[in-house]
Amino acid sequence: MLDLNAVRNDPETYRAGLRRRGEEPVILEKLLELDQRRRLLIREVEELQSQRNSLSREIGFAKRGGGDPAEIISRVQEIKKVLPEREAELKAVASELERLLLEIPNLPAPEIPDGEPRILKTVGDTPRHGTPHWEIGERLGMLDTARGVKVAQARFYLLRGDGAALERALISFMLDLQIQKRGYQEVIPPFLVNLDSMTGTGQYPKFAEDFFTCEKDGLALVPTAEVPVTNLHRDEILEELPLKYTAWTPCFRREAGSYGKETRGLIRVHQFNKIELVRFTKPGESDAALEELTADAESVLETLGLPYRRVVLPADDLGFSARKTYDLEVWMPGVERYVEISSCSNFGDFQARRMRIRYRPKPGAKPQFVHTLNGSALAVGRTWAAILENGFREDGSVEIPPVLRPYLNGRVRFEAAS
RNA sequence: GGAGAGGUGGCCGAGUGGUUGAAGGCACCGGUCUUGAAAACCGGCAUACCGAAAGGUAUCGGGGGUUCGAAUCCCCCCCUCUCCGCCA
């Protein structure tokens, strides 16, 4: 959520920012117009309320003094003819303003590019030819797409035997790395959240089509651990900063509008596992925290020995709540391209404002909004796929990255059962 | 699912229709005292909005209603706790 005061004081900066994002800045004109109407109405309403309150007080005094308040009461009645109308009007304008404010995206950070994503670094070899992970997975008995579809729907899949073991090994490995080497605290949050939480991180109301809901319970399946973990501290004044959390959760996404795209394999599915990193920092510290957090995510790719690159997203490619985002893309020889495997973002105070997460700069000082950040470390399904494609050998087996072997009973490769 | 209790400020906790934004305590901030600290004592201490300011308005889980006036009365919803039932 943008700071309405800041928009009012410096609309040009916000217009320019929205334009960089490819948004129509007209929405700001509407916002400012509503804001002005609202403030006018507030003055009217409060003036009437003030009159009503003082007259009511007089009635109290008159009654206690044994006087007859009938005349004053009739004056209050006059006010009560107009007040409710104005109040209703104010309420309508205020809620329209609130709705609008919740649907305006964050401003991009000044230093990020316009146009194309900029590649910041590339690590590892990128062989041109390979076999798609779904073929390897099916052949080795690790992946069963057909039965996933039978049990649920298209874009669901089933892992079996070594496939399930690899998934579980990846989850443990990734968590252990962040907990032991990078100082994160693990949490296991609820996988269903309420709409206040979805609103807090920015998925709701604008992107309600993108996640699954349990209508009659008022709950939604988490599309990312970002939602429950960032909302941990909704409506709180934090005593200690920075905070660093990591969490494994399944992620559920409707992928509405992606019909026909990437229908094979695990790249785009309705349910996948992910390890998430979430940070809360003081305002001045979030830029450095994003660099650190992205390096934390990269450390997973590096220790697994997977080829990848880091790109910084251009302004018109940013997610709704983000002000700056680095994507990590893993090389997948089977599909012969880089595939996004992590997205690390700084949200500034955009989410904190929605969630009212604050801290006190000094004891007794006025609370300020914190900054929030998060990133995947990593998307487990896509990592699973990358390991199969990058570890695939001539003899049909898949070599297991050395760091994962302790999580797989010391095994060195996956082979077809004889 | 059944029965009951309850949701008040950063926290605990008074308050059942009229200067109550809300007693008291804790925490916190400033001061006195002290070599320093603690203790004690004195003072301060909610948030948001409107306003140049003076000041005003709103907020006692959320929404609606009664009333000249609601933290207090009525209705609906949400949440928490206790007991019973069921259950991994």
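**Stop one: strand β13 and the largest pocket**

Select β13, residues 337-346. With eight residues, β13 gives the most to the lining of the largest pocket. This is a predicted model, in which local features need pLDDT of at least 70, side-chain atom pairs count only at pLDDT 80 or more, and totals for chains, interfaces and linings use all residues. Residues are numbered from 1 along each chain as its sequence is written, chains are lettered from A and ligands numbered from 1 in the order in which they are written, and side-chain values use heavy atoms, with hydrogens and water left out.

Strands are DSSP runs of E, at least two residues; helices are runs of H or I, at least four; both are numbered from the N terminus.

Now look at the pocket itself. Its volume is about 1500 Å³. Of the 45 lining residues, the closest to the centre are Arg-253, Glu-255, Gly-319, Glu-340 and Ser-343. Select those five. Then add the elements that give two or more residues to the lining: β10 (271-281), β12 (324-332), β13 (337-346), β16 (371-379) and α12 (380-391).

How is a pocket found? Rolling a probe the size of a water molecule over the atoms shows where empty space is left. On a 1 Å grid over the protein atoms alone, a pocket is an open set of points where a 1.4 Å probe fits, with protein on both sides within 12 Å along at least five of seven lines; lining residues have an atom within 4 Å of a point. Points are joined across faces, edges and corners, and the volume is the space filled by probe spheres set on them.

Colour the lining by type. You get 16 nonpolar, 13 polar and 16 charged residues. Here Ala, Val, Leu, Ile, Met, Phe, Trp, Tyr, Cys and Pro are nonpolar, Asp, Glu, Lys and Arg are charged, and the others, Gly among them, are polar.

**Stop two: helix α12**

Select 380-391. Is α12 mostly covered or mostly open? It is mostly covered, with 11 of its 12 residues buried. Buried means under 20% relative accessible area, exposed over 50%, and partly exposed in between, using a 1.4 Å probe and protein chains only. Among the buried ones are Arg-382, Trp-384 and Glu-389.

Measure end to end. The C-alpha atoms at the ends of α12 are 16 Å apart, which agrees with the 16 Å expected for 12 residues at 1.5 Å a residue. The expected span is 1.5 Å times one less than the number of residues.

**Stop three: RNA strand B**

Show RNA strand B. It is surrounded by 25 residues, and the closest are Glu-46, Gln-49, Ser-56, Val-76 and Lys-91. A residue is near a strand if one of its heavy atoms lies within 4 Å of it. Select α3 (26-64). This helix gives the most to the surface near RNA strand B, with 15 residues.

Zoom in on three polar contacts, meaning pairs of N or O atoms within 3.5 Å:

- Gln-49: a polar side-chain atom is 2.7 Å from a sugar or linking oxygen.
- Asn-53: a polar side-chain atom is 3.4 Å from a phosphate oxygen.
- Ser-56: a polar backbone atom is 2.7 Å from a base nitrogen.

Of the strand's atoms within 4 Å of the protein, 76% belong to sugar or phosphate and the rest to bases.

**Last stop: the whole chain**

Zoom out to chain A. It has 12 helices and 18 strands. Of its 418 residues, 49% are buried.

Terms used: A polar contact is a pair of N or O atoms within 3.5 Å; within protein, one must be able to donate a hydrogen and the other to accept it, and residues adjacent in sequence count only if both atoms are side-chain atoms.
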